[in-house]
Amino acid sequence: MSDFDAVRFISAMSRSGHNGMLGIEYHGHGPDWTELALPYRADLIGDPGTGILASGPIITLMDMATSISCWLKSGAFRPQATLDLRIDYLRPAEPGKTVIGRGECYKLTRRMAFVRGEAHDGDPAHPVAHVAGTFMFTAVD
């Protein structure tokens, strides 16, 4: 049984800090994955002429979704550092649409967590981006 409460954690983080400023919200989770939502807002547009969201908020969304997936898989919040988070943008998110970020922790060791995920704006079969990353736990049991 997991001691990590993803819904409570996401609720708290969405009220403050960087994630709160971006308006990132809970969307769903399972034993080793989480989905977060980044609602479209005009102040998050990268190029005003296009209406397309900037890449920074999507990077934050995916970093948090993959981070939470590690805590879900391990069953507890563990301080960690993002060692590598590769994001392959496949296309721009459509203006006006919420971006959903899904992160999955597919391998967990004593010191490391390996993650993958994708972002989409309504159709998971038509992703905006794929991510792959590695986290290092900064405190080991």
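**Exercise 1.** Which backbone nitrogen lies 2.8 Å from a polar atom of the side chain of Asp121? Place Asp121 in the fold and work through its surroundings.

*Solution.* A word on the model before we start: it's predicted, so local features need pLDDT of at least 70 and side-chain atom pairs count only at pLDDT 80 or more, while totals for chains, interfaces and linings use all residues. Residues are numbered from 1 along each chain as its sequence is written, and side-chain values use heavy atoms, leaving out hydrogens and water.

Step 1. The nitrogen belongs to Glu94.

Step 2. Look for a side-chain partner too: Asp121 makes a polar contact with the side chain of Arg91 at 2.7 Å (a pair of N or O atoms within 3.5 Å, one able to donate a hydrogen and the other to accept it; residues adjacent in sequence count only if both atoms are side-chain atoms).

Step 3. Now locate Asp121: it sits in the loop joining strand E7 (112-120) to strand E8 (129-137) (strands are DSSP runs of at least two residues, numbered from the N terminus).

Step 4. Asp121 is buried, at 6% relative accessible area (buried means under 20%, with a 1.4 Å probe and protein chains only).

**Exercise 2.** What is the strand order of the open sheet of 6 strands? Find its edges and one pairing.

*Solution.* Step 1. Reading across gives E1-E2-E6-E7-E8-E5, with antiparallel pairing (two strands pair if DSSP finds at least two bridges between them).

Step 2. The edges are E1 (25-29) and E5 (80-89), each pairing on one side only.

Step 3. For the pairing, take E2 (residues 33-38) and E6 (residues 99-108), antiparallel over 6 bridges. Leu36 faces Gly101 in E6.

Note on methods:
Buried < 20%, exposed > 50% of the residue type's maximum accessible area, 1.4 Å probe, protein only. Helix = DSSP H or I, 4+ residues; strand = E, 2+ residues; numbered from the N terminus.
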